[in-house]
Amino acid sequence: MTRSSVRHDPMPAQPSMDGIAVLQPLGLAAVRLSDGFWVERQQVNRNAAIASGRQRLEVAGNLENLTRAAGHADPDAYRGPYFMDSDVYKWLEAVAWEFAREPGDELRRDFDEIATIVAAAQQSDGYLNSYVQVTGSPRYADLAFGHELYCYGHLLQAAVAARRAFGDNRLWQVALNVGDHLVRTFAGDGGNRGIDGHPIIEMALVELARESDDRRYAELARTFVERRGYNTLRAHGRHPSYFADRVPVRESTTVEGHAVRAVYLAAGATDVVLEGLDDAGYFAALRTQWQNMVAAKTYVTGGLGSRWDGEAFGDPYELPPDVAYCETCAAIGSVQWSWRMLLATGEVQYADLIERTLFNGMLAGVSLDGDEFFYVNALQLRSDVVSDDHRHPVNGRRGWFDVACCPPNVMRTLASLGGYVATRTADGVQVHQYASGTIDAGTARLRVQTAYPWDDVVDIEVEEPGDREFEIAVRIPAWCASATVTVDEDEHPVSPGYHRVRRQWRAGEHLRVRLPQPARVTVGHPRADAVRGCVAIERGPLVYCVEQVDHPGLAIDDLEFRSLGAVERVEELLGGIDVVRFTAAAHGSDQDVAASAVPFFAWANRGAAPMRVWLPLAQVLP
């Protein structure tokens with residue numbers, strides 16, 4: 001891993017050129033999104049969510065904790081859970097990515113001011129944790145639940161993002177100090193043999209190694225991955241499976257326990273693989289874990305986690321829609337893991353899941369106006385639900401939470417979204433996600449125009465073709481059964497997967513992808529008891545749901561599906577959406593009723609009323 005081998009383009013994951021990545025990502029400098037669906041969401045994220053983030057952190061006490069950490073211990077002065085620092089760092093990461101996407105003086109000023117607070121709190125040996133420092137607690141005394149390394153992970157990720165966004169900065173030196181402290185404390189036979197109860201330090205250490213050209217950090221990440229799975233974490237009544245600590249990574253065949261912990265660990269282990277440090281058979285196991293997760297533990301929205309208890313994965317096919325947990329952070333972790341698997345393999349299924357999860361599992365976690373969030377993303381809200389938890393969807397989206405991991409996680413994901421659009425190889429560019437903008441792959445410059453997901457055409461113009469033959473690969477999603485690709489007015493039907501066109505391109509030539517998006521029904525898996533005999537409505541990459549507000553006089557709890565109808569654009573509804581009309585019946589009735597479905601990501605923006613994704617098929621009455 002040499003410094004000269006690392007390309008500097010702001011991106012969330014930047015594998016070393018001498019690693020094993022099949023694809024090299026293109027970051028926010030090379031992929032510039034210009035307009036359309038995702039840019040609209042990014043602007044709302046900037047103007048509403050990120051803009052209010054600093055005030056949220058001040059009101060909740062996160063910044064006060066860090067300020068107090070620079071002084072004397074006072075056990076009564078600390079505010080909030082012991083992992084409050086992590087929310088600050090995720091917000092700083094969001095600011096850095098947003099600055100890389102669209103620079104702004106206020107963004108940089110806020111970043112520098114808070115980075116100064118963080119730097120002042122760091123102790124002389126590199127240790128930094130406001131809970132421990134303010135309360136006077138011993139260091140690393142509760143690795144299972146103390147979240148010290150978890151907070152470090154988000155700090156390192158924020159520092160790397162900032163360095164890639166605007167060069168050296170105060171937070172970068174803080175991160176290097178932390179990295180050195182961790183190596184001294186946890187590496188080697190004489191070090192602390194513990195692991196953190198909440199993985200993320202593994203991803204962060206690898207990224208720190210990539211950016212600093214210091215292999216020690218990646219080696220420590222591998223050490224943390226290798227130590228996991230030996231039943232060492234037991235605390236507060238939780239079994240080691242909750243901490244992803246029951247089975248070693250190289251032996252595990254599925255994901256289990258706390259969903260966010262599990263996918264963060266898998267993403268970190270994949271990073272270790274990408275850096276060429278896989279001498280324990282991790283990668284074969286990670287492939288199997290991902291495949292089994294998708295086959296039996298993933299909701300139709302891409303959501304993960306079927307149990308409120310432990311925010312956890314359930315058993316295979318345990319996917320109840322009404323009590324689904326589907327934490328927003330788990331969807332984001334899924335995207336991070338799938339992206340790394342895509343870079344390692346170039347295989348289309350990973351990009352397909354990223355699309356499904358971004359449009360549905362993640363995007364439902366934030367309101368259309370950008371300043372309210374869901375922690376939990378159930379696929380059904382029944383009538384007359386009584387909430388026993390502030391996270392319950394019946395309460396609607398919230399501006400912040402006591403455990404505020406999800407809001408800044410959404411912010412950093414949307415701000416860095418351009419980094420998940422395209423990759424390059426030595427002689428080609430691969431387009432994985434569709435959005436209008438430009439893609440500069442070095443060998444060529446492309447301009448993409450599309451109204452996706454509302455429209456089915458993606459037009460790719462070759463603006464600068466370079467001086468040699470190269471390949472453009474475009475993803476045909478698994479959901480699309482009748483796609484076509486047109487080059488030089490020559491149209492061909494294509495199958496799901498990557499369609500590749502290699503040639504000596506000329507400036508001004510177009511490659512047009514058409515992805516027809518008729519509404520379709522997805523049948524519930526027969527092993528998923530809760531949705532056996534039910535269907536979900538989908539169109540293109542979007543999962544749809546039925547909301548009570550659109551059906552006055554009809555209880556959607558009783559609604560049964562009969563047949564699909566037309567797709568209708570309604571500009572005045574929910575910012576402009578495509579509505580799917582369908583024919584239904586009330587349970588026990590033979591009378592057809594007109595019904596409609598809206599995109600799942602847009603639900604609860606008119607109040608948190610009853611909603612459902614899965615609909616039972618209407619029975620034919622005798």
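The paragraphs below lead through a predicted model, taking in turn a helix and its cover, the sheet and the helices packed on it, the salt bridges, and the cysteines.

A convenient place to begin is helix H2, which spans residues 62-69 and in which Asn-62, Leu-63, Asn-65, Leu-66 and Ala-69 are buried. These residues cover an arc of only 155 degrees around the axis, which puts them on the same side of H2. The general geometry of helices is relevant here: an α-helix has 3.6 residues a turn, so residues three or four places apart point the same way. As for what lies over the buried residues of H2, the cover includes H1 and H3, together with helix H4 (105-121) and helix H5 (130-135).

Two of the helices in that cover, H1 and H3, are also joined by a pair of charged side chains. Arg-46 forms a salt bridge with Glu-98, in which the closest N and O atoms are 2.8 Å apart. Because Arg-46 belongs to helix H1 (residues 37-60) and Glu-98 to helix H3 (residues 84-101), the pair ties together parts that are 52 residues apart in sequence. Both partners, Arg-46 and Glu-98, are buried. A second salt bridge, between Glu-58 and Arg-54, has its closest N and O atoms 3.2 Å apart, and here the two residues are four apart in helix H1, which separates them by about one helical turn. In this pair Glu-58 is partly exposed, at 40% relative accessibility, whereas Arg-54 is buried, with a relative accessible area of 19%.

Further along the chain, the side chains of Arg-307 and Asp-315 meet in a salt bridge with an N to O distance of 3.4 Å. Arg-307 counts as partly exposed at 31% relative accessibility, and Asp-315 is likewise partly exposed, its relative accessible area being 45%. Salt bridges also link residues into a network, made up of Arg-163, Arg-164, Glu-207, Arg-210, Glu-211, Asp-271, Glu-275 and Arg-340. Over the whole structure, the search finds 54 salt bridges.

The sheet to consider next is an open one of five strands, arranged in the order E1-E4-E5-E9-E12 with mixed pairing. At its edges stand strand E1 (24-25) and strand E12 (497-503), each with a single partner strand, so one side of each is left without a neighbour in the sheet. Within the sheet, strand E5 (residues 428-431) and strand E9 (residues 470-476) pair in the parallel sense over four bridges, and Gln-430 stands opposite Ala-473 in E9. Helix H12 (residues 328-345) packs on this sheet, where it touches E1, strand E4 (422-425) and E12, and its direction makes about 20 degrees with that of E4. Helix H13 (residues 348-362) packs on the sheet as well, touching E9 and E12, with its direction at about 50 degrees to that of E9.

The cysteines complete the tour. The structure holds zero disulfides, and the sulfur distances show why for the residues considered here, given that a disulfide requires two cysteine sulfur atoms within 2.5 Å. For Cys-151, the closest cysteine sulfur is that of Cys-405, at 12 Å, which is too far for a bond. The sulfur of Cys-405, in turn, is 3.7 Å from its closest cysteine sulfur, in Cys-329, and this too is too far for a bond. Cys-151 is buried, at 1% relative accessibility, and Cys-405 also counts as buried, at 10%.

Notes: Residues numbered from 1 in each chain as written. Predicted model: local features only at pLDDT ≥ 70, side-chain atom pairs only at ≥ 80, totals over all residues. Heavy atoms only, no water. Salt bridge = Lys/Arg side-chain N within 4 Å of Asp/Glu carboxyl O. Buried < 20%, exposed > 50% of the residue type's maximum accessible area, 1.4 Å probe, protein only. Arc of directions from axis to C-beta. Contact = heavy atoms within 4.5 Å. Pairing = 2+ DSSP bridges. Axes fitted to C-alpha atoms, helices over the stretch in contact; angles between N-to-C directions.
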